[in-house]
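Good morning, and thank you for coming. I should like to take you through one structure, beginning with its sheets and ending with some unusual backbone geometry.

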Amino acid sequence: MKNKHLFLILSFLLVVLQVQADDLDDFIRSQMRKRGIPGLSLAIIQDGKILKAQSYGFIDKEGKVPVTANTLFQAGSVSKSVAAMGALYLVEQNKLLLDEDVNIKLKSWKVPDNEFTKDKKVTLRGILSHTTGLTVHGFPGYAVGAKIPSVVQILDGTAPANTPPVRVDFVPGSRWRYSGGGYTVMQQLMEDVTGAEFPEFMKNNVLSPLGMKNSTYQQPLPPELAKLTATGHYSDRSLVEGRWHIYPEMAAAGLWTTPSDLARFAISIQNAYAGKTGSVLSQSMTRQMLTDQKNRDGLGVFLQGDSSSLRFGHNGRDEGFDALLTASADKGQGIVIMINANDNSHMMGRIVDFITDYYHWDGFPVKIKPAAVSVDPHTLTAFEGRYELFNNRIVTFEAENQRLFTLEDGFVDEEFVPVGNNTFTSTDRNVSVTFTDDSNGNVTGFTLQDKDQGYERTVPRIGPLAHGHQTHADPDPSRAPKIMAALQAIVKGGKTLEEASGLTSGAKRDFAGGMQEPETLKSLTFIHSENVAGRGIKRHESDVSEIVTYQLKSDQPDTYILVHLTSDGLVTDCDLVEK
């Protein structure tokens with residue numbers, strides 16, 4: 001009889017677990033459909049072990065070859081976290097020092113000295129925590145078949161490199177700024193110190209010891225591994241030509257891996273943090289890795305939570321691929337998600353929230369469901385428009401059914417419900433926005449409050465949605481031909497851009513490689529102009545005074561372009577939008 005009761009209990013538990021798994025799988029598939037994601041792979045860590053490794057969808061939008069747990073994805077900037085472990089390993093081997101001038105051990109290339117490095121030098125600690133003052137935020141990679149530069153050519157910005165030179169442009173240690181260029185300096189430093197190729201060093205000293213057998217920094221991939229990869233898709237779900245890009249900037253963006261392998265990496269950090277075996281680093285070095293250096297940035301990982309709920313992780317993006325890793329420091333929990341698309345939504349965050357909720361994890365933020373109030377439809381419509389969430393990062397709100405929804409890549413993303421006349425709260429996160437206006441009642445921005453992160457800041461308004469707006473007479477029609485010439489120069493890049501007038505120096509520098517789309521510009525039709533002077537909008541190091549919206553005729557379907565102008569009428573940036 002006891003055996004029968006035990007069998008019934010076990011059967012009941014299996015049913016409960018199956019229901020939970022079905023709920024999770026159903027939620028993920030619904031999110032993928034909502035966002036048009038071709039394929040997704042994930043790994044869930046519980047009690048310091050991989051609890052679930054699951055794949056969904058297909059390696060490309062044709063839907064013929066399914067993603068498996070062994071399908072390789074590009075990790076994007078999660079590559080930095082794994083590379084950081086390799087650098088910290090060298091510190092523990094006394095081959096590198098965290099606070100030493102990197103030029104002492106660099107052989108193939110040196111960080112050029114200038115007025116910013118006179119008293120403060122670039123150090124490995126600064127590189128790992130993005131506080132060195134080194135330039136170049138990220139890398140677009142190189143198309144399959146294109147000429148691939150050496151690391152030294154990338155660092156100097158010489159052909160065939162497609163990014164500017166990596167240089168110091170503020171005093172090291174004085175502030176935080178993300179720099180993929182810094183990690184490329186670190187890659188060269190590690191090769192110079194070890195005498196080994198970066199992929200070989202990482203395989204022998206990090207990947208293999210951690211059991212990351214499906215991971216490699218090889219760029220380009222050898223044929224036997226290339227056939228195991230997913231295909232990248234851009235934010236409009238078009239295919240990346242050649243299936244993916246090649247990243248000689250390996251430490252910054254060049255890791256091919258799986259969620260299960262990245263979970264093993266996270267578990268090794270958890271084990272070392274607790275003083276257990278199974279890691280490349282010691283407990284003391286791991287605790288340094290998870291210590292805030294500046295701006296909630298450790299050494300190669302970003303930090304969240306407080307001392308009782310410390311979490312580490314990193315997001316990643318390469319052309320056509322996005323990734324997310326988040327894990328607790330001491331609770332044995334974690335999640336890795338990888339997709340074969342660039343998706344600017346909160347989809348992966350919603351999946352994380354869903355997982356932490358039904359596993360009842362207490363080390364992650366608890367989502368509070370807001371209670372909605374009624375808002376006048378006319379008032380609601382006034383909040384529609386575009387806002388400068390971060391530098392060069394727009395958030396778009398559209399009103400519908402007593403709600404505000406953000407739009408990302410042409411898809412509806414996050415829902416905000418009204419909790420006051422001008423305050424809205426996300427249904428996905430513990431985030432609220434309170435809209436502000438000027439003396440004439442015109443909306444000028446909103447105050448963003450993130451309760452989980454514990455911060456509040458102002459987000460300026462860029463302008464209204466173009467969709468539904470009638471064309472108006474341009475108050476300054478003489479500038480349209482000048483703007484058109486500047487935009488055409490941005491598209492072409494190179495010498496055409498260098499010799500063009502009507503552009504800021506920052507735009508000329510940052511668009512040196514040209515702009516991918518639209519390939520041709522045929523005409524501009526004026527739609528709207530917004531005076532944004534004093535709102536704190538800055539693009540390519542120039543203050544934006546006015547943003548002009550044009551309907552655009554090009555080789556692409558008709559769309560709209562936002563042109564960012566300085567007070568003296570120079571073009572400093574542009575954004576293509578759908579409405």
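Which residue stands opposite Ala-43 in S2? The residue opposite Ala-43 is Ala-53. Before I place that pair in its setting, please note that what you have on display is a predicted model.

Strand S1, residues 39-46, is joined to S2 by eight bridges, and the two run antiparallel. Both belong to an open sheet of six strands, in the order S2-S1-S10-S9-S8-S7, with antiparallel pairing. At the edges are strand S2 (49-57) and strand S7 (302-304), each of which pairs on one side only. From one strand to the next, the twist averages 15°. As a general reminder, the strands of a sheet pair through backbone hydrogen bonds, in either a parallel or an antiparallel manner.

Let me turn to the helices that contact this sheet. Helix H9 packs on the sheet and touches S1, S2, S8, strand S9 (321-328) and strand S10 (334-339). The direction of H9 makes about 25° with that of S1. Helix H9 itself covers residues 259-273 and reaches 21 Å from its first C-alpha to its last, close to the 21 Å expected for its 15 residues. Of those 15 residues, 14 are buried, so H9 is largely enclosed by the rest of the structure. Just after H9, Gly-275 takes a positive phi of about 85°. Helix H11, residues 347-358, lies across S1, S9 and S10, and runs at about 150° to S10.

One residue of this sheet deserves a closer look. His-314 lies in strand S8, residues 311-318. Is His-314 buried or exposed? Its relative accessibility is 6%, and therefore His-314 counts as buried. Leaving aside residues up to four places away in sequence, His-314 touches ten positions that I shall simply read out: Ser-77, Val-78, Lys-80, Ser-81, Tyr-178, Gly-300, Phe-302, Ala-323, Leu-324 and Leu-325. The C-alpha atom of His-314 is also separated by 9.7 Å from that of Gly-76, although these residues are 238 apart along the chain.

Lys-80 leads us to a helix pair. Helix H2 (residues 78-92) and helix H5 (residues 180-194) pack at an angle of about 40°, with their axes 11 Å apart. That angle makes H2 oblique to H5. The crossing of H2 past H5 is left-handed. On the H2 side, the residues that meet H5 are Lys-80, Ala-83, Ala-84, Gly-86, Ala-87 and Leu-90. Their counterparts in H5 are Gly-180, Tyr-183, Met-186, Met-190 and Thr-194.

I now move to the barrel. Eight strands close into a barrel in the order S11-S12-S13-S14-S15-S16-S17-S18, and the pairing is antiparallel. Here the twist averages 35° from one strand to the next. Within the barrel order, strand S16 (residues 431-437) pairs with strand S17 (residues 443-450) over seven bridges, in the antiparallel sense. Phe-435 stands opposite Phe-446 in S17.

Further along the chain is helix H13, residues 479-492. Its buried residues include Ile-483, Met-484, Leu-487 and Ile-490. After H13 comes Gly-493, whose phi is positive, near 70°.

A hairpin follows, made of S23 and S24. Strand S23 (residues 559-565) pairs with S24 in the antiparallel sense over six bridges, and Val-563 has Cys-574 as its bridge partner in S24. Strand S24, residues 571-577, is mostly covered, with six of its seven residues buried. Five residues lie between the two strands of the hairpin, and Gly-569 takes a positive phi near 80°.

I close with the backbone. Most residues other than glycine have a negative phi, and most peptide bonds are trans. Which peptide bonds, then, are cis? One runs from Ala-159 to Pro-160, with omega near 5°, and Pro-160 is in the loop between helix H4 (151-156) and H5. Another runs from Gln-219 to Pro-220, with omega near 0°.

Two histidines have a positive phi: His-360, at about 60°, and His-540, near 50°. His-360 lies in the loop between H11 and helix H12 (377-382), and with 68% relative accessibility it counts as exposed. His-540 is in the loop between strand S20 (538-539) and strand S21 (542-543), and at 16% relative accessibility His-540 counts as buried.

Thank you for your attention.

Conventions
Residues numbered from 1 in each chain as written. Predicted model: local features only at pLDDT ≥ 70, side-chain atom pairs only at ≥ 80, totals over all residues. Heavy atoms only, no water. Helix = DSSP H or I, 4+ residues; strand = E, 2+ residues; numbered from the N terminus. Expected span 1.5 Å × (residues − 1). Buried < 20%, exposed > 50% of the residue type's maximum accessible area, 1.4 Å probe, protein only. Pairing = 2+ DSSP bridges. Axes fitted to C-alpha atoms, helices over the stretch in contact; angles between N-to-C directions. Parallel < 35°, antiparallel > 145°, perpendicular 65-115°, else oblique. Left-handed = near helix turned anticlockwise from the far one by under 90°. Contact = heavy atoms within 4.5 Å.
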